[in-house]
Amino acid sequence: MKENFKTINLFDLTQTIAKDLFTDAEYPWEVLPRIKEFVKKLGEGLSEEEYIKKGEDIWIAKSAKVAESAWLQGPLIIGRDAEIRHCAFIRGSVIVGEGAVVGNSTELKNCILFNKVQVPHYNYVGDSILGYRSHMGAGSITSNVKSDKTLVKVHLEGEKIETGLKKFGAMIGDFVEVGCGSVLNPGSVIGRNSNIYPLSMVRGAVTEKSIYKRQGEVVKKRERME
C-alpha cells in the first residue's frame with residue numbers, strides 16, 4: 001500500500017531535530033530541495049549553551065565527538081552525543097541526529113540522519129533521509145543520480161510517481177538494516193523494520209517488515225512469538 005511509504009508511516013518525527021521540515025510533506029522526498037535553507041535557519045536558533053558554532057553555518061553539540069581528521073562543510077548540525085569518526089567527509093546541507101555515528105571515510109551530502117542512525121564504515125549517503133536507528137552496513141551506499149541523468153521517479157505499488165528531482169538517493173525508514181556492500185538505486189524507498197541482504201541492488205520500494213533477498217524475492221518477516 002502506498003500509505004506505508006508516506007512520511008508519517010516511514011519515520012517517527014519525534015526522533016529528529018528536523019521535525020518541522022516534514023510538516024507539510026506527504027512523501028519525505030519532497031523535503032530534499034529545502035534541507036539547505038532549513039539547516040541554516042534551525043542552526044541560528046540553537047542554544048549557545050548546548051552548541052558551538054564553528055566555521056560558516058556549522059553547529060556542533062558540545063557533547064558530540066568529532067575527529068580532527070573529519071572534513072566538515074556547512075550548513076551542518078551535529079546533534080548531542082553524535083560521533084563523527086576519522087576522515088568522515090560531510091559536504092553540507094546535513095543534519096546528524098543525536099547519538100548518530102558517521103564513520104571512517106563515510107561521505108554525507110544533503111541528507112537528514114535521524115537520531116541513533118549508524119553509517120559507520122565507508123558509506124555514501126546523498127540526497128537521502130535515514131530514519132531512527134537505521135543502519136547501513138560497511139560499503140553500502142545510496143546512489144542519487146540516474147545514469148541517463150533524467151529525473152527520478154518512485155515506483156510504488158505499480159505506479160510511477162514523478163518527483164521532479166534529478167538527485168534523489170533513498171528514503172530509509174526507522175529500524176531498517178541495510179546489508180554490507182548494497183546499492184540503493186535512485187528513488188529507493190525502504191519501509192520500516194525491513195532488512196536488505198548484503199550485496200543487494202535495490203530498485204523501487206520495499207514494504208515495511210520485509211526481507212529483501214534479491215530483485216523479485218522479497219518476503220515478509222515472521223511475527224516473533226513472545
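This talk walks through a few local features of one predicted model.

Let me begin with a single residue, Ser188. Ser188 sits in strand β20, which covers residues 188-190. Is Ser188 buried or exposed? Ser188 has 0% relative accessibility, so it counts as buried; the cut-off for that word is under 20%.

What does the side chain of Ser188 reach? One partner is the backbone oxygen of Val202, at 3.2 Å. Another is the backbone oxygen of Asn185, which lies 2.7 Å from a polar atom of the Ser188 side chain. Now set aside the neighbours within four places in sequence. Ser188 is then in contact with Phe168, Gly169, Ala170, Met171, Val202, Arg203 and Gly204. Val202 therefore comes up twice, as a residue in contact with Ser188 and as the owner of a backbone oxygen that the side chain reaches, and the setting for both is a residue that counts as buried because its relative accessibility is 0%.

Next, the aromatic rings. How many aromatic pairs are there? The count comes to seven. I will take one of them, Trp71 with Phe89. The ring centres are 5.2 Å apart and the planes make an angle of 70°, and the pair is edge-to-face. The label follows because an angle over 60 degrees counts as edge-to-face.

Where do these two residues lie? Trp71 is in strand β4, residues 71-72, and Phe89 is in strand β7, residues 89-90. They are 18 residues apart in sequence, so the pair ties together separate parts of the chain. Both residues have some access to the outside: Trp71 is partly exposed at 44% relative accessibility, and Phe89 is partly exposed with a relative accessible area of 31%. Elsewhere, ring pairs link Phe11, Phe22 and Phe114 into a cluster.

Now the backbone. Most residues other than glycine have a negative phi, and most peptide bonds are trans. Here are three places to look at with that in mind.

The peptide bond from Gly74 to Pro75 is cis, and its omega is near 0°. Pro75 belongs to the loop between β4 and β5, the latter being residues 76-78.

Then there is Arg133, which is not a glycine and yet has a positive phi of about 60°. Arg133 is placed in the loop between β12 (124-130) and β13 (135-136). With 40% relative accessibility, Arg133 counts as partly exposed.

Phe175 also has a positive phi, near 60°, and is a residue other than glycine. Phe175 is found in the loop between β17 (170-172) and β18 (177-178). Its relative accessible area is 39%, so Phe175 is partly exposed.

Last, the charged side chains. Side chains of opposite charge can pair when their charged atoms come close. How many salt bridges does the structure hold? There are 13, and I will go through three of them.

In one of them, Asp24 and Arg34 meet at 3.2 Å, N to O. Asp24 and Arg34 both lie in the loop between α1 (7-10) and α2 (35-44), ten residues apart. Asp24 counts as exposed at 59% relative accessibility, while Arg34 counts as partly exposed at 34%.

Another salt bridge joins Glu98 and Arg80, with the closest N and O atoms 2.4 Å apart. This pair links distant parts of the chain, 18 residues apart. Glu98 is in the loop between β8 (94-96) and β9 (101-104), and Arg80 is in the loop between β5 and β6 (83-84). Glu98 is partly exposed, at 32% relative accessible area, and Arg80 is partly exposed, at 30%.

The remaining example is Lys153 with Glu162, where the closest N and O atoms are 3.6 Å apart. That distance qualifies because the cut-off for a salt bridge is within 4 Å. Lys153 is partly exposed, with a relative accessible area of 32%, whereas Glu162 counts as exposed at 54%.

Which residues do salt bridges with shared partners join into one network? They are Glu3, Lys6 and Glu26.

Definitions and conventions. Residues numbered from 1 in each chain as written. Predicted model: local features only at pLDDT ≥ 70, side-chain atom pairs only at ≥ 80, totals over all residues. Heavy atoms only, no water. Helix = DSSP H or I, 4+ residues; strand = E, 2+ residues; numbered from the N terminus. Buried < 20%, exposed > 50% of the residue type's maximum accessible area, 1.4 Å probe, protein only. Polar contact = N/O pair within 3.5 Å; in protein donor to acceptor, adjacent residues only side chain to side chain. Contact = heavy atoms within 4.5 Å. Phe/Tyr/Trp six-rings, centres within 6.5 Å; stacked < 30°, edge-to-face > 60°. Salt bridge = Lys/Arg side-chain N within 4 Å of Asp/Glu carboxyl O.
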